[in-house]
Structure formats: C-alpha cells, structure tokens
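Trainee: I have a model open in front of me and would like to learn how to read its features one by one. Could we go through it together?

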Amino acid sequence: MPGLGARLGRGGATTTQQSLADSDCIVIMGSNMAENHPVGFRFVLTAKTRGATVIHVDPRFSRTSALADLHVPLRAGSDLAVLGGLINYVLNSERWNSDPFFREYVTHYTNAPVIINPDFRGPEDLAGLFSGYVADERRYTTDTWQYADQQARPAAAEDQAQTAEPRPQYLGRLTAPPRLDPTLQDPHCVFQLVKRHYARYTPEMVERVSGIPRDRFVRLAETILANSGRDRTTAFCYAVAWTQHTTGTQIISACALLQLLLGNIGRPGGGILALRGHATIQGSTDIPTLYNLLPGYLPMPMATELERDRTLEEYLRRNRPLTGAWYNTPAYLISLLKAWYGDAATPENDFGYDFLPKISGDASFQAMIPMMKDGIMKGLFCMGMNPAVGGQNAVLAREGLANLDWLVVRDVYEIETAAFWYDAPEVRAGKVRPQDIKTEVFFLPAALAGEKEGSFTNTQRLVQWHDKSIDPPGDARSEAWFLYHLGRRLKELYRGDDTAKGRQIAALTWDYPTEGPLQEPVIEAIVREINGYTVADGRLVPDFSALRDDGSTACGCWIYSGIMPEEGRNRAKSRRGDERAALEWGYSWPRNVRILYNRASADPQGRPWSERKKWIWWDAAAGRWTGYDVPDLPETKPPDYQPPEGAVGLDAHPGDAPFVNMADGRGWLFAASGLRDGPLPTHYEPWETPVGNPLYPEQPRSPAAILLERPDNRYHALGDPRFPYVLTTYRLTEHHTAGGMSRFVPWLAELQPQGFAEISPELARELGIDNGDWVVISTLRGEIEARALVTERMQPLEVDGRRIHQVGIPWHFGYSGIATGGIANDLSALVEDPNSRIHEAKAFTCNLRKGRLRSGAGEERRE
Amino acid sequence: MGIGGLLKTYVGMVPNPMSSKMRQVRSRLRGADVTVSVCPYCAVGCSQLVYTKDGRIIDIEGNYESPINGGTLCPKGAATYGLLHSPHRITTVKYRAPYSDHWEDRPLDWAMERIAQLVKQTRDATYEETDEHGTTVNRTLGIGHLGGATLDNEENYLIKKLFAAGLGIVPIENQARI
Amino acid sequence: MSTTVARDRPGLTGTTGARPGAVGFLTDTTLCIGCKACEVACKQWNQLPMDELGFTGHSYDNTGDLGATTWRHVAFIERISDEEGRRPTSMRAFQSNWLMMSDVCKHCVYAGCMEACPTGAIIRTEFDTVVVQQDVCNGCGYCVPACPFGVIALDLGDGHARIGDGKAHKCTLCYDRLRDGLEPACAKACPTDSIQFGRVEDLMDRAQQRVATLREQGVAGAHIYGDRAVGGTGGIEGLNAFFILTAPPEVYNLPAQPELPQRKTIPASLATVAAGLVFGLAAVLSLRRR
C-alpha cells in the first residue's frame with residue numbers, strides 16, 4: 001500500500017476495525033464492505049446505531065449501499081476526480097477556514113508549510129504532466145519535486161523495481177531541516193501547491209468526470225466536513241476497488257491527503273481502514289512473499305543501471321535515511337542476515353550480503369505471466385494461489401502454465417491451476433490437447449488452519465495465532481513441513497558443491513527442530529527467529545530497539561520483533577479482549593500500537609483534542625505519554641522537544657511529529673519522493689475508457705502507467721467504439737477470491753452456484769436482454785459467457801453529456817469445483833500501476849451481446 | 001368462552017409426549033476438546049473455536065471472547081468446517097507426467113525427491129552468478145513461486161528464506177498485487 | 001448475547017402469547033446485510049446437505065425457499081427505484097431499498113403443524129419451541145399444508161434435498177444446543193445481530209424499543225411481524241420467532257393474515273383434535289412399549 005506509505009510512512013491500515021464504532025461518519029469508497037468484510041461491518045452498524053452517518057460511494061448499489069444513509073454512484077475509474085473534488089471543496093469551505101483546529105493540525109502534523117523546490121511545475125502548468133517527465137521512458141525524474149535547500153536527492157522514482165509497499169527511501173532523506181512557512185502563504189509551500197493543483201476539481205468538474213450530480217457531491221462533501229474536527233472524526237474504508245487501477249496508488253494517497261487535511265489521521269474513529277482480502281495478506285507483505293522486498297519492508301538489493309547495491313555499504317548508503325525511524329536500517333538488515341546465514345555471516349564478508357539475490361527488472365505477478373509464456377521461467381510453485389483464474393489475462397496465464405517444465409500445486413482441492421492441462425476451456429474446446437502440453441504437474445495436498453499451528457496478520461496489522469487441533473488427513477501437510485523438508489533435501493543435494501549456488505544454499509541456517517510422527521518443524525522455533533535473539537547466547541530480544549548492526553543480534557523480521565519478548569511468551573497467542581484498544585488480544589506491529597500515528601490524537605502540546613476523542617496524551621507529572629494505546633513515538637519524548645543540531649534518527653524529530661517513519665515526522669500532503677507518477681494525486685482515466693479527460697485533455701491517461709502490450713495482451717484504444725461499456729469486477733459474500741476455498745464447499749457453492757453479469761434494465765432494454773438470458777462479454781483478450789442478472793442496482797450514468805453503461809462481473813468463477821462459470825479475468829489485461837505494479841481490473845472496457853459462445857466451453861481467446 | 005374459544009386457547013397446547021430418544025438429545029459439543037483458531041478466509045481476522053472428538057473436527061464456530069467478531073462469523077467463516085470436510089478435498093499426491101492425459105497416484109516421498117531434483121536441475125541451468133556488469137547477483141529467474149496470503153506468517157518466512165535467500169529465486173509473489 | 005437459557009421464569013410473557021420461559025428469535029431485518037451466514041451456520045450445525053437449485057436470477061437469492069434441508073432462508077427483494085424510476089441517494093436509516101430478510105420457522109404459539117400431526121411426532125418442548133421428533137415422524141405429510149408459512153417440508157430426496165428419509169423437517173431452534181445452554185447456530189453466527197436469540201418477552205421489549213427508535217429516525221414502515229398486540233399476524237396468536245419489517249409482510253412473501261387451515265371450520269378442527277388425541281395416545285403407548 002504505497003499510497004498510504006508515501007504520505008504517512010507505513011503501508012498498513014492506520015486504524016482498527018473496532019475504532020470504526022467511534023466514528024461520526026464512515027465513508028466506504030472503493031470497497032463493498034458489507035459483502036466482503038461482513039464481520040468488520042458490524043462496527044459500522046454500531047457507529048450507525050450511535051448516530052454516525054454511513055456513506056457508500058460506488059458504481060453499484062450493493063449490500064453495503066442498502067445499509068448506508070447515502071449512496072453516491074460514480075463511474076468506475078473516476079474516484080480520483082471525486083477525491084480531488086473533496087480536497088478542493090474542503091480547502092475552500094467556510095468550516096475549514098474558520099475552525100482553527102484544521103490549521104493547527106495541518107501546520108504541525110503535515111508538510112503543508114514546507115517550501116518545495118521553486119522549479120517544481122504541476123499538471124496545471126504542463127498540460128497534465130509534472131516537471132521531470134522523460135517521455136520515451138514513460139517515467140519521471142524527481143529533482144524538482146524535492147524540499148527546497150536539500151543536497152542529496154532520493155532516487156526512489158527512478159527505482160526500476162517498483163514495490164507494493166513503502167521502502168525506506170520512499171520516506172525521503174533530508175540533509176537539512178525543511179524550510180517552513182507557518183503562515184502557509186508562500187507560493188512554493190506545499191499548502192499553496194495543493195490548493196492550486198486541485199483548483200479546477202470543482203463540483204461541476206466532478207459531475208462531468210464521474211457522473212455524480214453536483215448537489216449529491218456537495219451533500220457528500222458537507223457531511224464529511226461536518227463530521228471532522230476537534231470533537232468529531234470521519235473514517236474512510238477502502239479495498240481493492242481503489243487499488244486495482246493504473247492510478248490505484250494515487251487514489252489511496254489522495255484519501256490520505258484528504259484525511260490529513262481534515263485532521264482525521266491518528267485519532268479514534270478516524271483514519272483509513274484498508275480492508276484486505278486474505279487471512280494474512282498483510283502478514284505476507286510484512287514478511288513478504290514478494291519479489292522486491294525483504295522482511296520488514298527492507299528493499300531487496302538492486303542491480304540496475306540507476307541503482308546498484310553492489311556492496312552492503314552501497315545498499316545502506318542508498319536505503320538509510322539520516323532522520324526518522326529508518327535510521328536504524330543497518331541494525332535491521334544485518335540482524336536479518338545473521339538470522340538467515342548464521343555463522344556464515346561475518347563482518348569480513350559483509351555479513352553474507354552477497355548471498356542475497358539482487359533484482360534488476362520486474363518480477364511481479366503480472367510480469368511472471370509473460371515470463372512463463374516466453375520460457376524464461378521454467379518451474380513454478382503455487383501454494384494456495386490460483387493463477388489460471390486469478391491471473392489477469394487468464395488466457396495468457398494458462399498458456400504460460402502450459403509452457404512450464406514443471407508445476408507444483410499445493411492446495412486442498414484440484415483447483416483450475418492444477419487441472420488446466422485437461423479441463424481448461426481451450427482444452428475442452430479442442431484448441432489445445434493434453435498430449436501437446438509438456439508441463440510435469442504435481443498436486444500435493446495441503447493442510448488447513450486447524451490442522452497446523454501458526455499466525456495470520458489481519459487487516460489491521462493484528463497478528464493472531466491459530467492452534468493445531470488435529471493432524472492433516474492422508475498425505476496432506478503444512479507448507480512449513482513441505483518447505484522444511486524440501487530445504488533439507490536440497491541442502492543434501494548440493495552438499496560439496498563449492499560454486500556460488502552451492503555456497504548460497506549451504507550458508508542458509510535450516511536447523512529447525514521437528515516434532516510428532518509427521519516430523520513437522522516446530523513453528524514457535526520460527527517465531528523465535530522472527531522475533532530475534534542475541535547470537536552469543538540465543539536469548540530473545542525484547543523488541544527491535546535491542547537490535548544491533550555489529551552481528552551480535554539476529555532477527556528475521558524487525559517490525560515483528562517483540563512478538564516473543566521472552567521464553568514461553570508468544571504474544572500472538574494473547575487472548576484477553578476488551579472493549580477499547582484490546583492490547584492483550586493478539587499482537588499488533590509495530591510494538592503493539594493499535595492506532596498508528598496516535599501522537600496526532602493529542603494537540604501539539606500533548607493534550608487530547610477533546611474529551612470525546614481522547615486516545616493518548618502527555619502526562620507531564622510522569623514524564624511520559626499515556627492513554628488507551630501504546631504511544632506511536634518514543635514514550636518519554638516531551639511534546640515541546642526540539643531536536644539539537646545534527647540529531648539523527650528519531651531524535652531528529654520534534655515532540656509534535658506523529659509520522660515517525662517520515663524523514664521530517666510529518667504527514668506528506670506533497671510526496672517529495674516515493675511515488676513514481678507525481679507528488680500530488682491527479683485524475684487520469686483508466687487505461688481503457690470510453691471517455692476523454694476534461695481535466696487534462698492532452699494527457700487523458702496516466703503518463704507513467706506500465707504497459708505490457710503484446711499480441712497476446714492487446715489494449716482497447718481510448719473510446720474504442722467496439723468496446724463501449726465500462727466493466728468492473730468484484731467479489732461476492734458467498735465466495736472467496738479465485739474460488740479455491742469456496743466453489744468446492746457445498747454450503748457456499750449452492751448460495752452462488754454460477755457466474756453472472758450484472759447489467760441495468762436500461763442496457764438490457766437496449767440490447768434486448770431478459771433477466772437470466774445468456775450473454776457474451778468480450779475484450780481483445782478473451783470472451784466469456786455468463787447469465788445476465790438484470791437489476792436496477794446497476795445504473796447508467798450521465799458523463800459529460802453521454803450516457804455510460806456499466807457491466808459488473810464477479811471474478812470468482814472458473815471451470816473446476818461445484819460452482820462454475822466463465823473466468824472474468826479472461827477479459828482483463830496486464831497493465832500496471834507504476835507504484836504498486838497492480839493491474840486494472842476495476843475499470844476497463846468491454847462489449848456485451850445476447851447469446852452464447854460457439855464452443856459452449858465457458859470462455860475462449862478472442863480470435 | 002364457547003367451545004371455539006376453548007379450542008382456540010387450548011388446541012396446540014395439549015402436550016404431545018416426548019420420545020425417550022428426544023429426551024436424551026444433547027449438543028455434540030459435550031465432552032469435546034476445543035482449540036482456538038482464526039478464520040482462514042478474509043483479513044477481518046475472526047477468532048474461531050474448533051471442537052474435536054476422537055481425533056476428528058466436529059464443529060467450528062465463532063469465539064465470543066474475540067474483540068473483533070464476538071462469536072459471529074460470515075457465511076464463509078461459518079463454512080470452515082465444510083472447507084475441511086468437503087467431498088472434493090484431496091488427501092493424496094497426484095502426478096501428471098509430461099504430455100500425459102491423466103493423473104497418477106504417487107507416494108509423497110517420491111514426489112518430494114522428484115521436486116527437489118527438478119528444482120536443482122532448473123536452478124543449475126538458469127543460475128546467474130554475476131550480471132553483465134560483473135555485479136554479483138546470485139539469482140535465478142527460472143523458478144517462480146506464487147502464494148502466501150492464505151498461508152501462515154511463519155510459512156511465508158520459510159518461503160522467502162529458502163527460495164530467495166537459499167536458492168536465489170527472484171520471482172516470488174503472492175496475492176498482494178491481486 | 002446470552003448463552004444461557006432461562007427455562008423457569010414464572011409469570012406472563014409479553015404480547016406474543018408465548019408461554020412463560022419461552023425462547024425464540026427476533027430477526028431485525030433493518031440490520032440484515034444479506035450475508036447468509038445464518039443459512040450456512042444452520043447447515044453446518046445441523047449437518048444439512050446442499051440444495052441444487054442453480055442460478056435463479058432472483059436477485060442474490062439462490063436458496064429459494066425454506067425446506068426440509070434449508071431451515072434459514074434469506075429473501076432478497078429489490079425495491080431500488082422510486083415511483084418515477086429514480087435510483088435512491090439519501091435513504092432511510094439502516095436497511096433500505098434492497099430488502100433482505102432471514103426467514104425461519106416461526107415456532108408458533110398455536111402451531112398448525114403440531115395440531116395436524118397425527119403421530120405426536122411434533123412436540124412443544126420445554127423451551128416452548130416446536131420440534132419434529134425424527135424417531136416418531138412417519139412422513140404422513142399432514143403437517144405440510146397445515147403450516148401457513150410453508151415452513152415444514154418432507155424430505156423426499158427429489159434433488160432439492162438429498163437425505164431422502166421421507167420425514168418432515170424444519171428448524172428445531174437448535175434444540176440440542178438449547179439443552180446445553182448454547183445459543184442457536186444462526187443467531188450466534190449473525191455478524192450484525194440481525195438475528196437475536198433470547199427469552200421471547202425480552203426480545204419483544206427490545207423489538208418494541210427498536211421499532212420506536214426506527215420510527216423516530218423516519219422509518220415509518222417499521223413494525224413487528226408476529227406481535228399479537230398490533231395484529232401483525234392476524235389469525236395466529238403469536239410467534240416465538242418474530243421479525244422487524246419495514247414494508248408490508250407480503251413484500252417479503254409472508255402472509256399478512258396467516259390462518260391455520262384447520263381452524264377454518266370447527267368440525268374439521270375438532271376432527272383434527274380428535275385424530276390428534278387418538279394418534280397421540282397411540283404414540284404414547286408405542287413409546288412406552290419401546
């Protein structure tokens with residue numbers, strides 16, 4: 001979530017689900033919370049019962065809308081125009097300009113007063129572009145985006161290996177304290193730049209772009225404004241309907257900008273709740289199974305033209321800021337190297353730094369699909385992931401699978417990815433024969449929670465332990481078992497190999513104790529390593545403040561350090577809940593903080609902004625921060641602390657700096673580094689769109705979106721009349737992701753047994769379609785058939801004088817299991833947000849007609 | 001009160017006798033062991049109670065103690081028992097040879113050894129020790145990994161550690177970008 | 001919600017007509033998000049098989065109806081546009097425009113199914129719930145037309161339900177769980193407390209307060225379905241499982257004036273009673289012999 005990371009410092013939800021109950025207004029946008037997070041939604045209803053206003057901004061009228069006070073339908077893909085409109089409305093509103101709370105919060109806690117390099121130019125000056133654009137490479141250089149008077153320039157935006165999460169250099173490096181204008185009047189200060197940037201995002205413009213009538217938009221804006229301030233807080237909830245756009249990161253970062261302006265970050269009932277969709281999708285980014293990250297958001301070492309981390313020293317020079325929490329990067333990285341390479345990590349060999357692989361190009365999930373098809377990748381492990389359904393341009397994904405030498409699928413059911421070679425639509429249609437597919441396929445049965453122990457990290461960064469009840473059935477085993485024993489066998493196979501590849505695997509520490517008849521590795525031994533210990537005596541460290549950069553400590557993931565602070569105390573197993581912060585229920589990184597940046601819940605002097613919204617505050621008598629939560633800053637740092645000259649790390653932040661991971665401790669309205677497509681969120685149309693962009697006619701689509709266009713991944717031109725409808729994909733309550741955990745479960749399959757496409761009665765009339773008819777949906781990537789669900793919950797919108805129809809398709813379905821249907825991702829394209837490398841499945845274009853596919857096989861590549 | 005009124009009052013109140021079997025009805029949770037789990041579906045993080053008897057899971061339901069779900073579950077969470085006990089669950093190893101049109105059963109140990117051999121073979125053939133500038137890179141793009149968001153944190157740790165730090169595999173990805 | 005069931009509280013119950021100590025459900029549709037957790041939790045606890053209806057095209061309802069193997073059913077009613085065909089913007093508080101209601105056996109105070117049952121299989125339990133004793137039921141099916149709500153059904157194994165034992169089935173209000181002081185599965189699972197379990201008198205108090213609050217918030221149509229005092233259920237004296245609705249009952253496919261078929265004429269009713277007594281006696285004797 002670099003959208004949050006670049007402005008606030010951490011790529012995680014800033015608040016908890018429970019805190020929504022304290023909200024005065026909850027805006028659900030880019031999320032269908034009642035359907036996809038029903039249990040989290042109970043806190044929305046609690047708030048509602050206490051008098052809060054609930055707003056759903058979404059193209060469809062969903063089960064979330066049905067429980068909202070206000071449903072604001074917008075054209076899919078226009079979210080940033082709406083958020084920009086809200087920013088503009090807020091800045092020019094009477095309330096914002098008359099209540100001193102807003103100015104006080106913004107001046108102290110954000111970079112609004114910071115003076116930016118006077119050479120900076122924005123889309124208002126440069127016809128839709130920021131200064132520094134390199135057209136033939138579709139990227140920006142960021143020199144002009146920097147704070148004024150700084151010597152070193154962060155290289156983040158040149159970074160070729162884009163990241164899903166914030167990296168240290170994303171948070172900026174300062175060589176001098178920022179120059180400030182506390183009056184916010186300087187034309188080069190952030191506040192004025194923001195104001196100018198959004199000046200044309202008027203309610204009229206919002207209506208032209210999004211189809212939201214002016215009066216409705218004004219009601220939305222007024223409701224949010226009225227429910228923000230000293231005594232009231234508004235929360236935003238979003239999910240992948242914001243993420244999955246070529247501008248997804250900037251949509252989220254626009255929300256962060258708005259919430260900073262409204263003074264809603266770091267406070268109970270405020271904040272931004274990112275609603276994530278898998279049991280430990282947060283954990284698997286914290287302890288990343290991602291190509292460009294090491295545990296705890298340390299970047300992978302790079303080997304590109306622009307960034308070359310040849311040595312540990314080079315790596316640290318590039319990735320270690322002088323100020324803020326990331327100053328301790330050397331201790332975190334070297335402790336990781338000690339955890340991974342043990343005795344083979346010595347000061348003489350840079351603690352085994354060279355054993356880490358270096359990355360050069362894009363190896364994200366989207367890039368992996370053509371890598372398979374093109375024969376670069378020859379073997380693939382799939383553990384609980386179903387790319388034959390979940391991959392964008394899934395036709396291409398299956399072609400990739402068919403070109404592998406070998407494929408290992410570890411799952412509980414025979415999902416599409418395991419069955420593609422005999423059951424895929426192209427095989428059923430006779431276009432591909434199993435005897436032409438070379439892939440050697442292994443299906444290894446997996447264990448589920450209940451059959452193994454371990455931890456998940458939920459959507460609010462809360463690590464919770466699940467116990468083991470019974471052994472898994474038959475040959476089913478945990479991934480931990482599989483990985484431990486595979487590693488053991490590989491170490492054996494490479495024994496005596498003195499080449500680099502032999503030394504790499506030999507250096508790896510891999511000596512976990514095992515237990516039970518199945519010889520499962522002891523999971524808490526892994527937790528121990530993640531928490532960290534002193535190398536000499538193996539004693540657990542209490543938290544990451546104990547980590548050192550001299551090789552005396554080992555730690556597998558520094559942000560989780562503290563999860564097992566002493567022998568026998570696994571804090572993920574804490575199970576004493578309460579009605580407030582529930583600090584004894586699970587363990588929340590970092591340091592068990594529940595509401596991030598909670599320094600902002602108190603005023604600059606350390607007093608609660610109001611009795612109603614108190615959370616943590618300064619206890620002058622005791623000389624420490626106190627309250628309901630763990631303070632998210634050094635516990636004894638007084639509110640009036642001013643850093644001495646030359647201070648480094650957190651000592652360089654004053655006592656009123658809530659955003660401890662940022663170089664200057666401030667929330668960034670203007671992201672001087674960290675975002676590849678501009679320091680300020682800007683509305684660009686989706687890559688495939690039926691309409692132009694009235695804000696920036698010369699630059700309708702993202703100038704930095706990453707394009708993977710090739711004959712098997714073609715794009716629709718802007719306004720292509722062959723594909724006139726906006727298509728958006730989504731989930732249903734009754735199913736889960738690509739269906740691997742729901743379409744095979746009878747009790748869920750019966751509830752939504754078949755794929756369908758939702759269309760409005762208006763579009764159905766135009767095309768002569770009745771409810772329940774078969775329809776064919778097509779793009780240049782593929783065609784699928786589905787049953788039509790004609791419903792008033794879908795509606796056409798008037799956009800800039802044109803009627804735009806929207807089509808909605810759940811993406812759960814596939815050809816295996818009990819509940820089946822055409823694969824929605826056969827329609828989508830590989831195209832990437834430049835920051836997160838995520839695809840654009842929430843807004844692209846399609847055609848739709850009544851009828852069925854000739855093959856009757858569910859879906860096929862469009863010829 | 002006429003007979004109609006009497007009937008209206010008392011019809012339906014004449015107690016039918018309870019069968020002896022009915023008298024003995026108890027919940028199947030009686031005498032069961034219970035452990036605490038977390039719902040494996042979305043990221044809300046609902047706490048679950050898993051009840052077992054004689055080495056079998058007999059019921060999974062919400063945990064009242066949780067400050068998040070307070071005993072409740074959504075339909076997917078409520079179906080967790082069905083996820084474990086679906087008739088479609090596969091508990092043996094299946095193997096499809098290149099160009100074959102059918103699955104074969106193979107022992108787990110055989111599959112583990114074959115996979116280890118294939119990993120070594122592909123890694124050896126695609127390993128890059130240095131790049132074109134002579135920078136040490138110690139990596140391979142020839143093997144990929146997908147998945148992690150539905151696994152345990154500790155398993156994610158082992159994936160990144162073994163595959164990236166031990167084998168130099170670069171394309172390791174999960175659902176975070178989906 | 002309480003996990004303990006009080007069975008022995010003396011005194012009269014509220015306006016539902018339920019007996020002292022009666023327990024039941026309050027299903028507050030205004031809090032329902034249509035997630036169907038109740039359907040799944042019920043099937044999980046009671047180990048009921050899936051139905052195979054397929055895609056119905058009726059909004060998000062692919063369950064269709066209550067039946068022998070479906071004891072909770074969430075109905076979906078789309079009333080999105082106003083009279084002029086405009087989509088809504090500002091909506092009334094809580095559930096609005098897309099109505100969702102989790103239907104269930106009403107555990108009637110005067111239960112038609114029980115009155116019609118000639119074998120004594122259907123009993124009123126110590127919790128004042130109405131339960132079919134599977135070891136007594138002979139599958140005659142008299143109960144089926146006797147239910148004014150179409151709740152009880154025979155499991156004929158005809159594809160819609162796959163146990164196929166030919167007997168009558170319906171919600172037991174988790175009789176086995178109640179015996180151990182556990183909350184029924186559907187109410188426990190419900191994430192938004194749309195389904196609440198408890199003593200009928202407490203639930204009725206809560207429902208009346210809730211309706212008053214909703215009306216204050218402008219939900220003019222809010223009312224209790226199953227409350228004798230407001231005549232919500234016409235012919236039936238009261239329901240132990242009642243509902244807060246915001247539209248007329250017919251909108252949810254509930255009868256506005258449900259009647260027990262056997263009450264239509266007194267002789268017929270008497271005959272049923274007589275038959276019931278005879279069969280009941282036979283059942284008692286047969287039970288004694290077991």
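Trainee: Which residue stands opposite Ser588(A) in strand 19 of chain A?

Mentor: Please keep in mind that this is a predicted model. To read a strand pair, one looks across from one strand to its partner, and here Leu462(A) is the residue that stands opposite Ser588(A). Strand 14 (residues 462-466) of chain A and strand 19 of chain A pair in the antiparallel sense over two bridges.

Trainee: What is the order of the strands in the open sheet of chain A?

Mentor: The order is 13-14-19, with antiparallel pairing among the three strands. Strand 13 (454-457) and strand 19 (587-588) of chain A are the edge strands, each pairing on one side only. Helix 6 (residues 153-166) of chain B packs on this sheet, where it touches strand 13 and strand 14 of chain A, and its direction makes about 95 degrees with that of strand 13.

Trainee: How are helix 5 and helix 12 of chain A placed, roughly parallel or roughly antiparallel?

Mentor: For two helices, one reads the angle and the distance between axes: helix 5 (residues 79-91) and helix 12 (residues 248-261) of chain A pack at about 15 degrees, with their axes 9 Å apart. Because angles under 35 degrees count as roughly parallel, helix 5 of chain A is roughly parallel to helix 12 of chain A. Their contact divides into 12 nonpolar residues, two polar and one charged.

Trainee: How many residues does the contact take from each chain?

Mentor: The contact takes 132 residues from chain A and 104 residues from chain B. On the side of chain B that touches chain A, the residues divide into 51 nonpolar, 32 polar and 21 charged.

Key:
Residues numbered from 1 in each chain as written. Chains lettered and ligands numbered in written order. Predicted model: local features only at pLDDT ≥ 70, side-chain atom pairs only at ≥ 80, totals over all residues. Contact = placed C-beta atoms within 7 Å. Nonpolar A, V, L, I, M, F, W, Y, C, P; charged D, E, K, R; others polar. Axes fitted to C-alpha atoms, helices over the stretch in contact; angles between N-to-C directions. Helix = DSSP H or I, 4+ residues; strand = E, 2+ residues; numbered from the N terminus. Parallel < 35°, antiparallel > 145°, perpendicular 65-115°, else oblique. Pairing = 2+ DSSP bridges.
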